[in-house]
Amino acid sequence: MTSASQTARPAYSAPARRSDGFSTGFYKLLFMTPTVLVLALVVAAPLLYSFWLSLHEYIITYGMGDLVWFENYAAMMSDEFAGVSWITMKLTVIVVVLEFLIAFGLALLLNQSWLKFREFYLMVLMLPILMTPVAVALMFRLMFNPNLGIINWVLSLVGIPQQGWFGDPDLALATVVFVDIWNETSLMLIMLYAGLKSLPQDPVEAARIDGANAFQILRHVTLPMLKPVILVTLLIRMITALKSYDLIYMLTQGGPGKVTETISFYAYRLGFRFLDIGQAAAVSFILLAAVIVLTVLLLRIMREN
């Protein structure tokens, strides 16, 4: 009888070098080179160039000016920038919280076994995310039109006077929030619903056998298992909300006054209305830094959990 040491085959290990004399690491680097070059051209080069612009006094009508280093960033420490930052943070927190609550409630409802026609409901709820923000904004601009919109017409039937939804400082931000919720909730819904469908059912069945009610199962079983999906969903939505621009541009242009002006629209106004590319680039990099910090914090929370 042959011994185990005689019959066992040595584990296969890839040779350090191929027959042509080049190492496998060389070929890995060679295959990655096109991707790295494309990313450098598409992402890194514009970022570096825009950062270079942010260090200069650059007015479109006069061309590239002097190198002012971080004076454009220092100029952002003003009441105007603080105001648009506060509006951006307020809009982000409101839409993310409300959209998460609505999306999570709908995801729980769609996940119930007794619900019929689930695919039809899901298809209907996914329609807003399939529409471009520009189309959504144009549709709601017509619906909220003070004179011709269907919203004011319906309100007039119950004796409520016409409202200037996007022209009233007290209503403009709330109306933008409503449109954003209608358009973006579908994204959070599909992510949370997919997370619920992927959860193992054994812990849920065990908790149900132990006598836990629906609320206890949700709190102590479903939510802990779903926490990574929730964090990723919140991260993605917070990043997109911080960069909100298209709805603001199409609905209010930052008005009335500046009650709906976000940082992204503020950068657009500096660059393409006041033609100050240097300050616009500085504002954009401040927003990029805020998004990076938020992303790092949430990723750290995810790793800890």
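Here are some short exercises on this predicted model, each with a worked solution.

**Exercise 1. Overall build**

Task: Work out how many helices and strands the protein has, and how its radius of gyration stands against that of a compact globule.

Solution:
- Step 1: Start with the secondary structure; the protein has 13 helices and two strands.
- Step 2: Take the reference value next. For 305 residues, a compact globule would have a radius of gyration near 19 Å, whereas the protein has 27 Å.
- Step 3: Look at the extents too. The C-alpha trace spans about 100 × 65 × 30 Å along its principal axes.
- Step 4: Finish with the contacts. If you take pairs at least 6 apart in sequence, 64% of the contacts join residues at least 24 apart.

**Exercise 2. Surface and charge**

Task: Find what share of the residues is buried, and what carbon and sulfur atoms supply to the exposed area.

Solution:
- Step 1: Of the 305 residues, 34% count as buried.
- Step 2: The exposed area of the protein is about 18,800 Å², and carbon and sulfur atoms supply 69% of it.
- Step 3: For the charges, compare the mean positions of the two signs. The protein has 19 positive and 19 negative charges, and their mean positions lie 12 Å apart.

**Exercise 3. A salt-bridge network**

Task: Six salt bridges are present in the structure. Starting from R269, which residues are joined into one network by salt bridges that share partners?

Solution:
- Step 1: Pair R269 with E80. Their closest N and O atoms are 2.7 Å apart, and the two form a salt bridge.
- Step 2: Place both partners. R269 belongs to helix α12 (residues 263-272) and E80 to helix α4 (residues 79-110), so this bridge ties together parts 189 residues apart in sequence.
- Step 3: Check how covered they are. Buried means under 20% relative accessible area. R269 has 10% and is buried, while E80 has 31% and is partly exposed.
- Step 4: Turn to the other bridge of R269 to E261, where the N to O distance is 2.6 Å. E261 is buried, at 2% relative accessibility.
- Step 5: Put the network together: shared partners join E80, K258, E261 and R269.

**Exercise 4. A bridge inside one helix**

Task: Where do the salt-bridge partners E205 and R208 lie, and how many residues apart are they?

Solution:
- Step 1: Confirm the bridge. The closest N and O atoms of E205 and R208 are 3.1 Å apart.
- Step 2: Both residues sit in helix α9 (residues 202-209), three residues apart, which is about one turn of the helix.
- Step 3: Add the accessibility. E205 is partly exposed at 39%, and R208 is partly exposed at 44%.

**Exercise 5. The surroundings of L235**

Task: Is L235 buried or exposed, and which residues does it contact beyond its neighbours within four places in sequence?

Solution:
- Step 1: Locate L235 in helix α10 (residues 214-242).
- Step 2: Its relative accessibility is 9%, so L235 counts as buried.
- Step 3: With those sequence neighbours left aside, L235 is in contact with L294, T295, L298 and L299.
- Step 4: For another distance, take L122. L235 and L122 are 113 residues apart in sequence, and their C-alpha atoms are 23 Å apart in space.

**Exercise 6. Backbone details in the loops**

Task: Which peptide bond is cis, and what are the phi values of F117 and Q253?

Solution:
- Step 1: The cis bond runs from G255 to P256, with omega near -5 degrees. P256 lies in the loop between α11 (246-251) and α12.
- Step 2: Q253 is also placed in the loop between α11 and α12. Its phi is positive, near 55 degrees, although Q253 is not a glycine. Q253 is partly exposed, at 33% relative accessible area.
- Step 3: F117 is another residue other than glycine with a positive phi, here about 60 degrees. F117 lies in the loop between α4 and α5 (118-130).
- Step 4: To classify F117, recall that exposed means over 50% relative accessible area. At 61%, F117 counts as exposed.

Methods: Residues are numbered from 1 along each chain as its sequence is written. This is a predicted model: local features need pLDDT of at least 70, side-chain atom pairs count only at pLDDT 80 or more; totals for chains, interfaces and linings use all residues. Side-chain values use heavy atoms; hydrogens and water are left out. A salt bridge is a side-chain nitrogen of Lys or Arg within 4 Å of a carboxyl oxygen of Asp or Glu. Helices (H or I, at least four residues) and strands (E, at least two) are DSSP runs, numbered from the N terminus. Buried means under 20% relative accessible area, exposed over 50%, partly exposed in between (1.4 Å probe, protein chains only). The radius of gyration is taken over C-alpha atoms; the globule rule is 2.2 Å times the number of residues to the power 0.38. Contact means heavy atoms within 4.5 Å. Accessible areas come from the Shrake-Rupley method with a 1.4 Å probe; for residues, only the protein chains shown count as cover. Lys and Arg count as positive and Asp and Glu as negative; His and the chain ends are not counted. The place of a charge is taken as NZ of Lys, CZ of Arg, CG of Asp or CD of Glu.
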